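Trainee: Could you take me through the salt bridges in this model, with a close look at how their partners are placed?

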Amino acid sequence: MKVLYETEARAVGGRQGHAETPDHLLSVDLATPKEMGGQGGATNPEQLFAAGYAACFESAMRFLAGKQKLPLKGASVTVKVRLGSVSETAFGLDVDLVAETNGLDRKAAEDLVALAHEGCPYSRAIKGNVDVAITVEAK
């Protein structure tokens with residue numbers, strides 16, 4: 001792999017702690033969601049993953065549309081992440097991803113999203129480990 005960018009983040013205190021990057025551009029308090037018995041009131045790892053995946057996937061769509069000279073006028077991606085137990089000692093994720101496109105017909109939108117799913121680093125990183133249900137909305 002030819003490295004294009006490298007970053008890091010440090011977390012202290014787990015789900016009830018704090019995470020930040022050395023440049024302090026990301027500096028967030030963390031809290032266990034109320035749905036999991038926590039107090040809520042701060043972000044959590046699943047929200048951070050959803051935001052990162054959505055942004056990365058949309059960027060992959062825009063990059064590929066440009067490479068293919070597609071008339072993509074706009075795009076957005078919404079990622080819903082679910083955390084659940086897969087055994088008494090392990091947890092897992094599954095994802096619903098909704099990709100919206102503007103300016104492409106349905107077939108072109110579906111093809112673009114399929115290519116983005118093959119090329120997006122997040123999709124590649126979780127392939128085979130996380131179920132991803134993709135919906136394409138072409139406008």
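Mentor: Happy to; here is a walk through the salt bridges, pair by pair. This is a predicted model, in which local features need pLDDT of at least 70, side-chain atom pairs count only at pLDDT 80 or more, and totals for chains, interfaces and linings use all residues. Residues are numbered from 1 along each chain as its sequence is written, and side-chain values use heavy atoms, with hydrogens and water left out.

The whole structure holds seven salt bridges (a side-chain nitrogen of Lys or Arg within 4 Å of a carboxyl oxygen of Asp or Glu). Let's begin in helix α1 (residues 45-67), where Arg62 and Glu58 sit four residues apart, about one turn of the helix; helices (H or I, at least four residues) and strands (E, at least two) are DSSP runs, numbered from the N terminus. Their closest N and O atoms are 2.8 Å apart. Glu58 is buried because its relative accessible area is 18%, while Arg62 is partly exposed at 40% (buried is under 20%, exposed over 50%, partly exposed in between, with a 1.4 Å probe and protein chains only).

Helix α2 (residues 106-119) holds Asp111 and Lys107, also four residues apart, about one turn of the helix. This salt bridge has its closest N and O atoms 3.0 Å apart. Asp111 is partly exposed at 37%, and Lys107 is exposed at 53%.

Glu100 and Lys139 form a salt bridge too, at 3.0 Å from N to O. This one links distant parts of the chain, 39 residues apart: Glu100 is in strand β5 (residues 91-102) and Lys139 in the segment after β6 (131-138). Lys139 is exposed, at 59%.

Finally, Arg82, Asp94 and Asp96 are joined in a network of salt bridges.
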